[in-house]
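This report describes selected local features of one structure for a reader who has not seen it before. The sequence and the model come first, and the description follows.

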Amino acid sequence: ALCTLAGKSVGIGDGVKVELTGVGSCVFCRKNDDCPNKYGEKKTKEKWNLTVHYYCLLMSSGIWQRGKEEEGVYGFLIEDIRKEVNRASKLKCCVCKKNGASIGCVAPRCKRSYHFPCGLQRECIFQFTGNFASFCWNHRPVQIITSNNYRESLPCTICLEFIEPIPSYNILRSPCCKNAWFHRDCLQVQAINAGVFFFRCTICSNSDIFQKEMLRMGIHIPEKDASWELEENAYQELLQHHERCDVRRCRCKEGRDYNAPDSKWEIKRCQCCGSSGTHLACSSLRSWEQNWECLECRSIIYNSGEFQKAKKHVLPNSNNVGITDCLLEESSPKLPRQSPGSQSKDLLRQGSKFRRNVSTLLIELGFQIKKKTKRLYINKANIWTSALDAFRNRNFNPSYAIEVAYVIENDNFGSEHPGSKQEFLSLLMQHLENSSLFEGSLSKNLSLNSQALKENLYYEAGKMLAISLVHGGPSPGFFSKTLFNCLVYGPENTQPILDDVSDFDVAQIIIRINTATTVADLKSVINECYNYLELIGCLRLITTLSDKYMLVKDILVYHVIQRVQAPFESFKQGLKTLGVLEKIQAYPEAFCSILCHKPESLSAKILSDLFTVHTLPDVKALGFWNSYLQAVEDGKSTTTMEDILIFATGCSSIPPAGFKPTPSIECLHVDFPVGNKCNNCLAIPVTNTYKEFQENMDFTIRNTLKLEKEESSHYIGH
């Protein structure tokens with residue numbers, strides 16, 4: 001019989017004696033370690049006094065799984081294990097020099113044998129697929145890359161620690177996202193936790209190509225569900241629904257706990273927290289579809305910065321009658337009604353996803369950018385048309401690195417000069433924000449432009465935004481919260497507000513309906529606007545004054561969402577370029593900061609920290625530079641912080657993904673500053689006095705930007 005009694009020679013069979021040391025030690029590697037991530041599960045069969053590591057058993061060269069899963073140990077029969085231990089007892093490990101080396105390299109004519117832990121120590125590759133082959137350190141498979149010109153460290157896309165992007169045993173590259181790199185240990189832990197159904201590329205979510213390559217490189221992917229799916233009743237508390245009326249005065253005679261679906265005594269939960277409820281009748285709700293928040297959530301919403309910033313529209317000569325709060329309040333975005341199980345999984349995912357930094361997310365998307373470069377020929381006086389031509393070119397690939405060359409229209413000599421990619425993207429986003437594709441003053445929604453729709457410009461706009469974000473462009477910052485919520489949660493789960501209406505006449509109709517104080521006044525307004533309401537399909541029977549709220553809601557939904565449904569779908573398809581829309585939907589809180597809000601104002605400290613000194617500095621000039629930044633911040637200069645940044649980089653703000661290359665300063669013996677936007681380099685003059693330094697900086701920056709603005713003003717104005 002086979003056993004692992006401490007310090008005894010135990011019969012294995014056929015008269016062979018094998019030395020087995022230590023109770024509970026693996027019969028193959030003779031280690032007591034219980035480390036599932038490294039050696040697989042440690043299994044003990046007390047009936048046979050047998051202990052074995054799963055990987056040691058699985059990778060042994062002379063054994064096959066002949067039984068069913070429940071037979072023997074993982075389907076390996078006890079008699080086969082005996083024979084394999086017997087065979088291995090005659091083989092010496094080429095690493096530790098001890099007997100029992102059950103694993104051999106499969107390379108032809110290679111005679112190396114080793115224990116599984118010893119193989120790990122010497123960085124052997126074990127393939128947990130097919131014939132479960134193993135390769136010694138001289139014959140193991142390697143990853144081949146076409147170019148080795150990685151100049152900078154890149155983050156492991158799992159732990160985000162920076163690593164040198166050179167394929168090795170411990171560093172692996174994704175086969176589907178060429179600039180995505182991983183630690184082997186990070187991949188192995190993720191594979192064990194995710195299982196075959198959830199293990200995929202962290203960048204593009206590809207599973208087939210990714211898993212095939214990882215199996216080839218020795219990552220074990222267990223055929224099981226993810227660990228978070230296996231925990232029994234893990235999210236049980238999330239599945240419990242609140243079913244009690246919590247309003248101060250409950251009108252139900254059956255009591256607060258009474259719930260009668262499809263009646264006025266159906267319990268509606270707070271749409272924000274879900275932990276308070278009301279009978280429909282107790283809060284004068286006419287149907288389940290009406291929004292309702294508990295007192296605590298309403299106080300939070302009404303005291304939030306977003307609510308306080310809402311603008312109020314009033315009728316002329318209306319004695320400043322305010323619009324009812326329901327129009328000014330931006331309702332919390334809601335997810336579609338889901339099954340309890342899917343809700344619990346969404347909550348689990350949200351816990352880790354929403355805390356991600358947008359810069360990190362954009363850097364991850366940037367891993368898709370290949371080394372191959374595409375040059376775009378751009379006319380700065382006609383940014384929109386030349387950008388459209390470049391992006392629509394059949395040879396253009398969004399994942400190619402972008403180079404920009406500026407050309408002059410009607411130039412017979414065909415001259416061109418290098419341009420700044422980030423300046424080009426910044427100018428393109430400025431034009432897009434002010435184009436006829438969007439409407440509104442500061443926070444913009446999509447407009448309805450039939451000609452633009454016919455020319456597929458909404459798709460191109462979404463594509464441009466996606467490319468700009470991934471390739472290091474600026475924060476758009478002009479989306480309305482309504483447009484953003486439509487992209488993330490769907491138009492059906494978004495409620496527009498009055499600020500979304502840019503059409504003055506439509507806004508006046510909504511205001512008049514909402515400020516009606518009697519049913520007669522309300523009907524009078526509806527009669528005056530009858531043709532418009534009939535045209536947009538919002539006519540409804542008015543029986544009480546409160547019906548005006550549903551009427552206003554219908555008008556807002558039509559004008560802001562339904563009217564632009566075709567442009568929205570086209571724009572959304574364009575945003576899917578390079579996986580940007582999917583990233584936005586996965587991390588809405590992170591992307592809201594750059595899509596709906598302008599970047600923070602620049603300060604002297606921000607600019608001082610942004611620019612690094614790359615050459616031997618002139619101490620006096622650097623002192624003048626810092627004093628100049630402070631003077632600009634204090635309003636003692638004719639330039640602004642944004643002017644300085646534009647002069648040096650072509651951008652008025654710091655892109656979310658940062659500048660590449662990093663902005664730098666040089667001190668040169670010249671009279672005036674020089675800005676190199678292609679390299680983000682600012683050369684400052686070496687002068688004798690600070691007054692001369694400031695005058696030269698102000699004069700050059702102001703006049704350079706003025707000249708550039710005049711060159712392109714005729715097209716922007718058009």
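## Two packed helices

Val506, Ile510, Ile513 and Asn514 in helix α18 meet Lys548, Tyr549, Leu551, Val552, Ile555, Leu556 and His559 in helix α21, where contact means heavy atoms within 4.5 Å. The residues of this contact divide into eight nonpolar, two polar and one charged. Ala, Val, Leu, Ile, Met, Phe, Trp, Tyr, Cys and Pro count as nonpolar, Asp, Glu, Lys and Arg as charged, and the others, Gly among them, as polar.

The model is predicted: local features need pLDDT of at least 70, side-chain atom pairs count only at pLDDT 80 or more, and totals for chains, interfaces and linings use all residues. Residues are numbered from 1 along each chain as its sequence is written, and side-chain values use heavy atoms, with hydrogens and water left out.

Helix α18 covers residues 504-514 and helix α21 residues 547-560; they pack at an angle of about 165°, and their axes are 9 Å apart. Axes are lines fitted to C-alpha atoms, for helices over the stretch in contact, and angles run from 0 to 180 degrees between N-to-C directions. The two helices are therefore roughly antiparallel to each other (angles under 35 degrees count as roughly parallel, over 145 as roughly antiparallel, 65 to 115 as roughly perpendicular and the rest as oblique). Helices (H or I, at least four residues) and strands (E, at least two) are DSSP runs, numbered from the N terminus.

## Strands

An open sheet of three strands has the order β15-β16-β17, and its pairing is mixed; two strands pair if DSSP finds at least two bridges between them. β15 (370-378) and β17 (416-419) stand at the edges with a single partner strand each, so one side of each has no neighbour in the sheet. From one strand to the next, the twist averages 35°. Strand β16 (residues 400-407) runs antiparallel to β17 and is joined to β17 by four bridges. Ala405 is placed opposite Pro418 in β17.

Strand β3 (residues 42-45) is likewise joined to β4 by four bridges, and these strands run antiparallel. Thr44 stands opposite Thr51 in β4. β3 and β4 form a hairpin with four residues between them, and Asn49 in the turn has a positive phi of about 50°. In a regular strand the side chains alternate between the two faces of the sheet. In β4 (residues 50-53), Leu50 and Val52 point one way, Thr51 and His53 point the other way, and all are buried. Buried means under 20% relative accessible area, exposed over 50%, and partly exposed in between (1.4 Å probe, protein chains only).

## Loop residues

Most residues other than glycine have a negative phi, and most peptide bonds are trans. The table lists two residues with a positive phi that are not glycine.

| Residue | Phi | Loop | Relative accessible area |
|---|---|---|---|
| Arg109 | about 70° | between β5 (103-104) and β6 (113-114) | 83%, exposed |
| Glu123 | about 65° | between α4 (116-121) and β7 (125-126) | 27%, partly exposed |

A cis peptide bond, with omega about 5°, joins Lys660 and Pro661. Pro661 lies in the loop between α27 (641-649) and β21 (664-668).

Ser205 is in the loop between α5 (184-198) and α6 (208-216). Ser205 counts as partly exposed, at 42% relative accessibility. Ser205 and Cys177 are 28 residues apart along the chain, and their C-alpha atoms are separated by 9.8 Å.
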